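Trainee: Could we take a close look at one part of this model together? I am new to it and would like a guided tour.

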Amino acid sequence: MIDLTVAQIADIVGGTLADISPEAAAALRVTGTVEFDSRAVGPGGLFLALPGAHADGHDYAGAAAAAGAVAVLAARPVGVPAIVVPPEPRAGGGLAGVLEHDTDGSGAAVLAALSKLAKVVAAELVVGGLTIVGITGSSGKTSTKDLVAAVLEPLGEVVAPPGSFNNELGHPWTVLRATRSTDYLVLEMSARHPGNIAALADIATPSIGVVLNVGTAHLGEFGSREAIARTKSELPQSVPSSGVVILNVDDPAVAAMARVTDARVVRVSRFSHTDSGPSDVWADGVSLDELARPRFTLHAKDTRGPLEVDVQLGVSGDHQVANALCAGAVALQCGATVEQVAAALAQSGPVSRHRMHVTTRADGVTVIDDAYNANPDSMRAGLQALAWIAHGQGVDAAEKRRSWAVLGEMAELGEDSVAEHDRIGRLAVRLDVSRLVVVGTGRSMSAMHHGAVMEGSWDTEAANVPDAEAALALLRAELRPGDVVLVKASNAAGLGALADALAAGQGAAR
């Protein structure tokens, strides 16, 4: 964060001082990072006191101060220097998981203050030359964020969130990681309700906005794909006329967003022409290697003339082509050469945990760890990558590897949940997956198992186990050398530990 005094921060967020005099607050400066975990606080830091599932951050203010925090942003006095903002009613339409334990409004007050601080800091840094890139979409945001950060690194200092810090806590927290030496701030923007993306964009307005796709993630919250599209379109509407909006026009709902922005539009596609017109950045000659890592030729229209370069991605999955094209388009808008883009994409493997990490163990078992998130679109992409790695193209039947799909629940699909899980079970059969392990109980998981059985009479090939521990026990008993295993589910299913165990060699092939 930029260097500010405690008094300046109090003025920005509209807070009052507690356990510190006005004179001391005017002299004491926050020179470190802003943290909501007291264990991460260092000298010169600012600690956020937030309520959680098992503890209230206010109770850890003393530990944060002992670790070097110069002040605490809190909803009540905490016995150490603090900026206090009064509790306020929790606003409707927030993102799940951040404020669900905020019973007294203290969390809402601290988050509102955090957003005010981030907005002021972002505006000052933009005046100093900071470029803000915002990315949204129903799937692929985190992978694309990692690729964008990689292609911008040759151009300057980049700040991007770890993992999926993309909501009303992670977003301003990431903004406040930027300093006066930061050239590019890459922000991932999520939503579970209309207005979420507009609110995030108001905190740090992107000069480059990227929309990847409109799928059915969080369909239970939005009610319809059209409502999801309207919410995703809040990003291109937020980009000023001086900025650039990059649209994946292979998705018609995204292509239509060209009509709602005043910014210049860059159209990205797998094709040189689409129904929305000629593409500005596109791919041809797409192929996959033995680990489903795409190769293709990237083409771009540019003021420097037509550009093209051969690209070999370091990440797996055919769906990564669109993500890489969008990342390349961002870098080209920032002045990168196509050669710089190609080199960065080749060197960028999986960064965020549990997102298409492909590991081959000493016993020849390949583990595809995509356990962090799942919706119907990303689940299909994961299964297609599994099928490719196991079967390849033109591989003799005797050389095909056994494939395992270990799948948990796709959360927040609402009334479509049963039907969507049934479709995924059937798709596993159609892709010739050898074994399906459905992890979890309830109607949706039963539907996935039932769909597979009905599609292929899979009485022995499909299993429904109650939890990750049972799934690991099954794999320990039945994995063979050379098998390929996909682990995928929404994060709430808790399959990340299972994927870690498999990649580490637990469940050794017999």
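How many bridges join strand 17 to strand 18, and do the two run parallel or antiparallel?

Mentor: Happy to help! This is a predicted model, where local features need pLDDT of at least 70, side-chain atom pairs count only at pLDDT 80 or more, and totals for chains, interfaces and linings use all residues. Residues are numbered from 1 along each chain as its sequence is written, and side-chain values use heavy atoms, with hydrogens and water left out.

Now to your strands. Strand 17 (residues 294-300) and strand 18 run antiparallel, joined by six bridges. A strand here is a DSSP run of E with at least two residues, numbered from the N terminus along with the helices (H or I, at least four residues). Two strands count as paired if DSSP finds at least two bridges between them.

To find your place, start at Ala300: its bridge partner in strand 18 is Leu307. Strand 17 and strand 18 form a hairpin, with six residues between them. In that turn, look for Gly305, which has a positive phi of about 110 degrees.

Next, follow strand 18 (residues 307-312) and watch its side chains alternate. Leu307, Val309 and Val311 point to one face and are buried, where buried means under 20% relative accessible area, exposed over 50% and partly exposed in between (1.4 Å probe, protein chains only). Glu308, Asp310 and Gln312 point to the other face and are not buried.

For another pairing, turn to strand 5 (residues 46-48) and strand 6 (residues 71-74), which pair in the parallel sense over three bridges. There, Leu46 stands opposite Ala71 of strand 6. Both strands belong to an open sheet of five strands in the order 2-7-6-5-4, with mixed pairing. Strand 2 (16-18) and strand 4 (34-35) stand at its edges with a single partner strand each, so one side of each has no neighbour in the sheet.
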